[in-house]
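Let's take a walk through this structure together, one stop at a time. Keep the viewer open and turn the model as you read.

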Amino acid sequence: MSTRYIPALRFKWLTPLYDPLLKWVMREETFKRKLIQHANIQPNMKVLDLGCGTGTLTLMLKRAHPEAQITGMDGDSQVLDIARNKSRGTTIQWDEGLASSLPYPDSTFDRVVTSLVIHHLTKEDKRRAFKEVYRVLKPNGELYVLDFGAPHTSLTRFMTTYMRRLEETADNFDGLIPLFITEAGFGGVEEAENFINIFGPLSIIKAKKGV
Ligand SMILES: C[S@@+](CC[C@H](N)C(=O)[O-])C[C@H]1O[C@@H](n2cnc3c(N)ncnc32)[C@H](O)[C@@H]1O
């Protein structure tokens, strides 16, 4: 079992800077809003934000869909403490757990969304995580992954030069994420949208669990 764990900003001591960096430098709300639009969440659906970090997307999900049951899960108790503080007064459930062994029974969720998490996982853990997502989704449930994706232009290819040296991120830039999702059993795997961010090309990939 792989034990490599990469916190939100690679080093735990940088975690307090995560929210300002994402908000002001990465303009996170722009692409997180797109992810929520694609996910087509209906009232009373059960939604998991996998690797929720400090809970910004989780809170946006709850605000956009107050009648949905939203759960945020992350492997790092430090970011979960920040998320809990940010979400006082809401009914969001916060859980600690690992992507490679999700702490939920089979067929629990209608939607699993995950933002900027997959590039933190080793190749082996990416495969395990997608199998776990498949297991915890209900039949016809859908997965939406927002993360670094294959570059489509020479500018974005250049932007990825440094970050692709890391094993975990190279899988994303090599366009392997849709393949891993398909291998886990999903159908209808496709890139719903791609766009350029200051750190490189991002894409939203959607997939469905067949019956
Ligand atoms: C870059 S942050 C993204 C946080 C949030 N989803 C967002 O979009 O702002 C990556 C998150 O993935 C979590 N993470 C990394 N490896 C994980 C694993 N194996 N299981 C669960 N969470 C993990 C980290 O703790 C961190 O909070």
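**A walk through the model**

The side chain of H120 comes within 2.7 Å of the backbone oxygen of I6. Keep in mind as you look at that pair that this is a predicted model. To find H120, go to the loop that runs between β4 (109–115) and α5 (123–136). Is H120 buried or exposed? With a relative accessible area of 13%, H120 falls under the 20% cut-off, so it counts as buried. If you set aside the neighbours within four places in sequence, the contacts of H120 are I6, P7, A8 and E168.

Now zoom out to the whole protein. DSSP gives eight helices and seven strands. The C-alpha atoms take up a box of roughly 45 × 40 × 35 Å along the principal axes. How does the radius of gyration fit a compact globule, and what is it? For 211 residues, such a globule would come in near 17 Å, and the protein has 16 Å, which agrees. Buried residues account for 52% of the 211. Among contacts with a separation of 6 or more, 71% link residues 24 or more positions apart. On the outside, the protein exposes about 10,000 Å², and 55% of that comes from carbon and sulfur atoms.

For a look at one covered element, pick out helix α3, residues 56–64. Seven of its nine residues are buried, which leaves the helix mostly covered. The buried ones are T56, L57, T58, L59, M60, L61 and K62.

Next comes the ligand. How many residues surround it? The count is 20, and the closest are Y5, Y18, G51, D74 and S115. Three of these are worth a click. S115 has a polar side-chain atom 2.5 Å from an oxygen atom of the ligand. Y5 also offers a polar side-chain atom, here 2.6 Å from a ligand oxygen. With G51 the backbone does the work: one of its N or O atoms sits 2.7 Å from a nitrogen atom of the ligand. Taken alone, the ligand would expose 590 Å², and the protein buries 97% of that. As for the makeup of the shell, eleven of its residues are nonpolar, six are polar and three are charged.

Let's move on to some backbone angles. As a rule, most residues other than glycine have a negative phi. S107 goes the other way: it is not a glycine, yet its phi is positive, at about 55°. You'll find S107 in the loop between β3 (93–96) and β4. S107 has 35% relative accessibility, between the 20% and 50% cut-offs, and therefore counts as partly exposed. N140 also has a positive phi without being a glycine, with a value near 70°. N140 belongs to strand β5, residues 137–148. At 41% relative accessibility, N140 is partly exposed.

Helix α4 (residues 77–86) is where you'll find Q78. Q78 is partly exposed, with a relative accessibility of 29%. Leaving out residues up to four places away in sequence, Q78 touches K12, T15 and P16. Where does E132 lie relative to Q78? These two are 54 residues apart along the chain, and their C-alpha atoms are separated by 23 Å.

Two more stops and we're done. T161 sits in the loop that joins α6 (154–159) and α7 (167–173). Its relative accessibility is 42%, so T161 counts as partly exposed. Between T161 and D125 there are 23 Å from C-alpha to C-alpha, at a distance of 36 residues in sequence.

The last stop is Q37, in helix α2 (residues 28–39). Is Q37 buried or exposed? Its relative accessible area is 59%, which is over the 50% cut-off, so Q37 counts as exposed. If you draw a line from Q37 to G200, it spans 22 Å between C-alpha atoms, while the two residues are 163 apart in sequence.

Terms used
Residues are numbered from 1 along each chain as its sequence is written. This is a predicted model: local features need pLDDT of at least 70, side-chain atom pairs count only at pLDDT 80 or more; totals for chains, interfaces and linings use all residues. Side-chain values use heavy atoms; hydrogens and water are left out. A residue is near a molecule or strand if one of its heavy atoms lies within 4 Å of it. A polar contact is a pair of N or O atoms within 3.5 Å; within protein, one must be able to donate a hydrogen and the other to accept it, and residues adjacent in sequence count only if both atoms are side-chain atoms. Accessible areas come from the Shrake-Rupley method with a 1.4 Å probe; for residues, only the protein chains shown count as cover. Ala, Val, Leu, Ile, Met, Phe, Trp, Tyr, Cys and Pro count as nonpolar, Asp, Glu, Lys and Arg as charged, and the others, Gly among them, as polar. Helices (H or I, at least four residues) and strands (E, at least two) are DSSP runs, numbered from the N terminus. The radius of gyration is taken over C-alpha atoms; the globule rule is 2.2 Å times the number of residues to the power 0.38. Buried means under 20% relative accessible area, exposed over 50%, partly exposed in between (1.4 Å probe, protein chains only). Contact means heavy atoms within 4.5 Å.
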